[in-house]
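Let's get started. Today I want to talk about charged side chains and the contacts they make. Please have a look at the slide.

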Amino acid sequence: MPRGESIAYPASHCPQCDHPIRRRDNVPILSWILLRGRCRDCSARISARYPLVEAATAVLFGLAAARLVFSGIVPEPRDVSAIVAGAALLIAFLYLAAISVALTAIDIDTHRLPNVIVYPAYLVGAVLLTVAALATGRWDALLTAGIGAVALFGFYLLLALVYPGGMGFGDVKLAGVLGLFLGWLGWGPLAIGAFAAFALGGVFSVIVVALRRGGRKTRIPFGPWMVAGAWVGILAGAELSAWYLGLFGLA
């Protein structure tokens, strides 16, 4: 995507010899192990990044599905409406998981968050969450999702305008997407997801400086930390916000 190439055509092929990848050699993780990390045709090395990205996506899919099901976010399939709502929510958050991994890898490489991934996420998220609201009557969740999208987009836009060198507009656009999904889960996950991005990014920056791998002016892509913070909010935001409010007797 950063090179402007299609992910559908031509089919998967070796970047060294251009030979099409056989179906048996295109099985996530397993094929890389069986091929010992080399192309079957030209013996060129296949980066370990491929199975790592595949494994990360699988793990995030599993965590997202477990969270949605066991926390009751996805309703029990008692009737057609519950099944439709559950399917819509599961697809929505698995979609978010998939683009989270892709955007993280791309931002680390290029310091860019491609519009071709971010823009469709608004439409996909809005449609699927609206379907879930229609099926369950959870219009309150849809409202907080919309507020979350606008709030995070506006907050990051303000940061980008105040300090242009520290926040790119790609981060602003991604913030709206993350706010949409976090907002559906509630105010607690939204707040935790937003805060965790800066906490994790700040800790990483301190470590970089402490290890002398960079200085105060070193540019660090913030997209991965936004994504990581959002998933903290999704997977543990409700519990963390309840714990924090409980410290002040507000829970």
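Arg40 and Asp25 form a salt bridge, with 2.8 Å between the closest N and O atoms. This contact joins distant parts of the chain: Asp25 belongs to the segment before H1 and Arg40 to the loop between H1 and H2, 15 residues apart. Keep in mind that this is a predicted model.

How buried or exposed are the two partners? Asp25 has 12% relative accessibility, and buried means under 20%, so Asp25 counts as buried. Arg40 has a relative accessible area of 42%, so this residue is partly exposed.

Next, Arg22. Its salt bridge partner is Asp41, and the closest N and O atoms are 2.9 Å apart. Again the pair links distant parts of the chain, with Arg22 in the segment before helix H1, residues 30-34, and Asp41 in the loop between H1 and helix H2, residues 49-70. The two are 19 residues apart. Arg22 is partly exposed at 27% relative accessibility, and Asp41 is partly exposed at 35%.

Now a third pair. Arg138 makes a salt bridge with Asp140, and here the closest N and O atoms are 3.1 Å apart. Arg138 has a relative accessible area of 37%, which puts it in the partly exposed class. Asp140 is partly exposed too, at 47%.

How many salt bridges does a search of the whole structure find? The search finds six, and those I went through include Arg40 with Asp25, Arg22 with Asp41, and Arg138 with Asp140.

Terms used:
Residues numbered from 1 in each chain as written. Predicted model: local features only at pLDDT ≥ 70, side-chain atom pairs only at ≥ 80, totals over all residues. Heavy atoms only, no water. Salt bridge = Lys/Arg side-chain N within 4 Å of Asp/Glu carboxyl O. Helix = DSSP H or I, 4+ residues; strand = E, 2+ residues; numbered from the N terminus. Buried < 20%, exposed > 50% of the residue type's maximum accessible area, 1.4 Å probe, protein only.
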